[in-house]
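Trainee: I should be grateful for a close look at one single part of this model. Please begin with one residue and its surroundings, and then place that view within the rest of the chain.

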Amino acid sequence: MVPRLLIVDLNLKGNLVIVVGGGQEGLKKINSLLTQDCKILLISDETNGQIDNYVKQKKIIFKKMKLENANFLTKYKPILVMATTDDKALNREIVEKAKKMRCYAYAADDPAVSDFSHPSVINIEDTVQIAVSTGGRSPAMARKIRMRAEQVFKKIITKEDIHQIKLQEFARSSVKAKLATPLERKKFLYGVINDNQVKQLIKEGNFKKAQKRVMEMLESK
């Protein structure tokens with residue numbers, strides 16, 4: 001019996017993530033992390049042009065190091081370690097070391113030893129992420145399916161949806177102090193989604209007035 005997959009959205013905000021290996025696979029993983037508001041440290045003996053640009057833009061930190069074993073990890077306190085070198089034995093050693101340090105661990109070339117499989121992700125305006133995963137069985141097919149699905153989802157998910165998501169984030173942060181119970185908060189947030197004035201303001205692209213409308217609705221509670 002094939003085990004069911006559990007796809008989770010790991011909260012990396014403010015935490016350190018280490019990517020080991022500065023090749024194309026390392027670049028892919030860095031790209032997937034850039035929207036996660038985490039600290040990204042790349043450790044490698046070489047990089048490519050795009051990674052160099054990220055370093056110059058201070059989006060990531062780069063430490064040049066010739067990698068012979070996984071002992072370098074003990075200097076850091078990451079939440080996640082991603083091994084992307086072209087040395088399978090070294091990747092496995094890095095994963096094992098990370099697990100001993102109680103970190104999440106991932107090897108790009110060995111899903112069997114990783115704590116999770118890395119899905120192919122549809123990213124819509126850094127707001128909606130949709131994962132396509134084969135559980136590590138075929139990353140190539142996950143990518144192929146993702147490319148087809150991306151065309152569909154980018155038509156389904158509108159600008160209004162993106163603004164509504166951002167407005168919901170604003171509403172959730174505002175409602176905590178006013179409404180005591182989860183049920184009250186849930187009811188209010190659904191009210192924001194269904195409010196005709198909010199819908200019209202979002203359609204017009206007037207996000208600030210939509211925020212003002214949310215606060216008016218909250219004050220009436």
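**A phenylalanine and its surroundings**

Mentor: Phe-153 is found in helix H4, which covers residues 139-156. Please keep in mind throughout that this is a predicted model. Is Phe-153 buried or exposed? Its relative accessible area is 29%; because buried means under 20% and exposed means over 50%, with partly exposed in between, Phe-153 is classed as partly exposed.

Consider next what Phe-153 touches. Leaving aside residues up to four places away in sequence, Phe-153 is in contact with Ile-122, Ile-124 and Ile-130. A backbone distance may be added to this picture: Asn-123 lies 30 residues from Phe-153 along the chain, yet the C-alpha atoms of the two are separated by 9.9 Å. For the protein chain as a whole, among contacts with a separation of 6 or more, 52% are made by residues 24 or more positions apart.

The wider setting may now be described. The protein chain comprises eight helices and seven strands. Its C-alpha trace spans about 65 × 40 × 35 Å along the principal axes, and buried residues make up 36% of its 221 residues.

Two other helices show how such elements may be related to each other. Two packed helices are described by the angle between their axes and the distance between the axes. The axes of helix H1 (residues 24-33) and helix H2 (residues 49-56) come within 10 Å and cross at roughly 40°. H1 and H2 are therefore oblique to each other, and their crossing is left-handed. On the H1 side the contact is made by Leu-27, Ile-30 and Asn-31, and on the H2 side by Gln-50, Ile-51 and Tyr-54. Of these residues, four are nonpolar, two are polar and none is charged.

Finally, let us turn to the cysteines. A disulfide is a covalent bond between the sulfur atoms of two cysteines. The structure holds zero disulfides. Cys-38 is in no disulfide, and the cysteine sulfur nearest to its own, that of Cys-103, is 14 Å away. Why is Cys-103 not bonded to Cys-38? The distance of 14 Å between the sulfur of Cys-103 and that of Cys-38 is too far for a bond, because a disulfide requires sulfur atoms within 2.5 Å. Cys-38 is buried, with a relative accessible area of 13%, and Cys-103 also counts as buried, at 7%.

Note on methods
Residues are numbered from 1 along each chain as its sequence is written. This is a predicted model: local features need pLDDT of at least 70, side-chain atom pairs count only at pLDDT 80 or more; totals for chains, interfaces and linings use all residues. Side-chain values use heavy atoms; hydrogens and water are left out. Axes are lines fitted to C-alpha atoms, for helices over the stretch in contact, and angles run from 0 to 180 degrees between N-to-C directions. Helices (H or I, at least four residues) and strands (E, at least two) are DSSP runs, numbered from the N terminus. Angles under 35 degrees count as roughly parallel, over 145 as roughly antiparallel, 65 to 115 as roughly perpendicular and the rest as oblique. A crossing is left-handed if the near helix is turned anticlockwise from the far one by less than a right angle, and right-handed if clockwise. Contact means heavy atoms within 4.5 Å. Ala, Val, Leu, Ile, Met, Phe, Trp, Tyr, Cys and Pro count as nonpolar, Asp, Glu, Lys and Arg as charged, and the others, Gly among them, as polar. Buried means under 20% relative accessible area, exposed over 50%, partly exposed in between (1.4 Å probe, protein chains only).
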